[in-house]
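Please open the model in your viewer and keep the selection tool at hand. The stops below go from a single side chain outward to the whole chain.

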Amino acid sequence: MKKIFTILTLIVSLFIFGQESFKFPFTNINNLDKKDLKDVKLKVDEFKGTAFITPKGFMSETYRIEPYLSYKNDSVTFRIKFKYYSKSWLFHKKVMIKVNDEIKEFDVNPSEDVIKGGIQEISDIVLNIDDIDFLRKVADSKKDVIIRYEGEKHEDQKLYGMERNYLKKIINFFDKYKK
């Protein structure tokens, strides 16, 4: 019995430590002025006490990636939504991004919905520091960046320069105010 308790304690500790490793200490956003916020937009959920920080000018329904920060209690999680729009289902379980001959895989579990003119599959994942470092390369790339949605079939799409620009804005804000 003691062995089972020890194993369960270890599993729970690893889970909690793993979740905490995605949170980054961050400057209190209440201390930032308009100049600090020039490239980002804040939306506060008063019920949850969470602020969502997105790149200014970003039109969510237009792009395939949506980077954002979720801020609470002087820490942030860096998140990204991967969005697949089409006329037919792909049922993707993986998103791969290729930049400068380097490929990064993200396991996803998208929500699926029927929308006017087609379907959408959207994943929302939390990023760790390695993921963020990779996305820095995506944001800084002068070459084409390819995103692959992989499931029963796959589809490749290029990321627009504007998508990479918005990614760069949120990474720069993250880097500047992360403690």
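Select His 92 and its surroundings: setting aside residues up to four places away in sequence, His 92 is in contact (heavy atoms within 4.5 Å) with Tyr 84, Val 108, Pro 110, Glu 121, Ser 123, Tyr 149, Glu 150 and Gly 151. This is a predicted model, in which local features need pLDDT of at least 70 and side-chain atom pairs count only at pLDDT 80 or more, while totals for chains, interfaces and linings use all residues. Residues are numbered from 1 along each chain as its sequence is written, and side-chain values use heavy atoms, with hydrogens and water left out.

His 92 lies in the loop between β5 (75-86) and β6 (94-99), and its relative accessible area of 0% makes it buried (under 20% relative accessible area, with exposed over 50% and partly exposed in between, using a 1.4 Å probe and protein chains only). Now display the side chain of Glu 121, which is joined to that of His 92 by a polar contact of 2.7 Å (a pair of N or O atoms within 3.5 Å, where within protein one must be able to donate a hydrogen and the other to accept it, and residues adjacent in sequence count only if both atoms are side-chain atoms).

Next, select α2 (129-140), whose twelve residues reach 17 Å from first C-alpha to last, close to the 16 Å expected at 1.5 Å a residue (1.5 Å times one less than the number of residues). Which residues of α2 are buried? They are Asp 131, Ile 132, Phe 134, Leu 135, Val 138 and Ala 139. Because they cover an arc of only 160° around the axis, they sit on the same side of α2 (the arc is that of the directions from the helix axis to the C-beta atoms). Those buried residues pack against β1 (23-25), β5, β6, β7 (102-107), β9 and α3. At the start of α2, a side-chain oxygen of Asn 128 comes to within 2.9 Å of the backbone nitrogen of Asp 130.

Then colour the largest nonpolar core (buried Ala, Val, Leu, Ile, Met, Phe, Trp, Tyr and Cys residues joined through side-chain atoms within 4.5 Å): among its 40 residues, Phe 26, Phe 82, Ile 97, Leu 135, Val 138 and Phe 173 touch the most other members. The most is given to this core by α3, with six residues.

Finally, show the whole protein chain, which has three helices and eleven strands (DSSP runs numbered from the N terminus: helices H or I of at least four residues, strands E of at least two). Of its 179 residues, 38% are buried.
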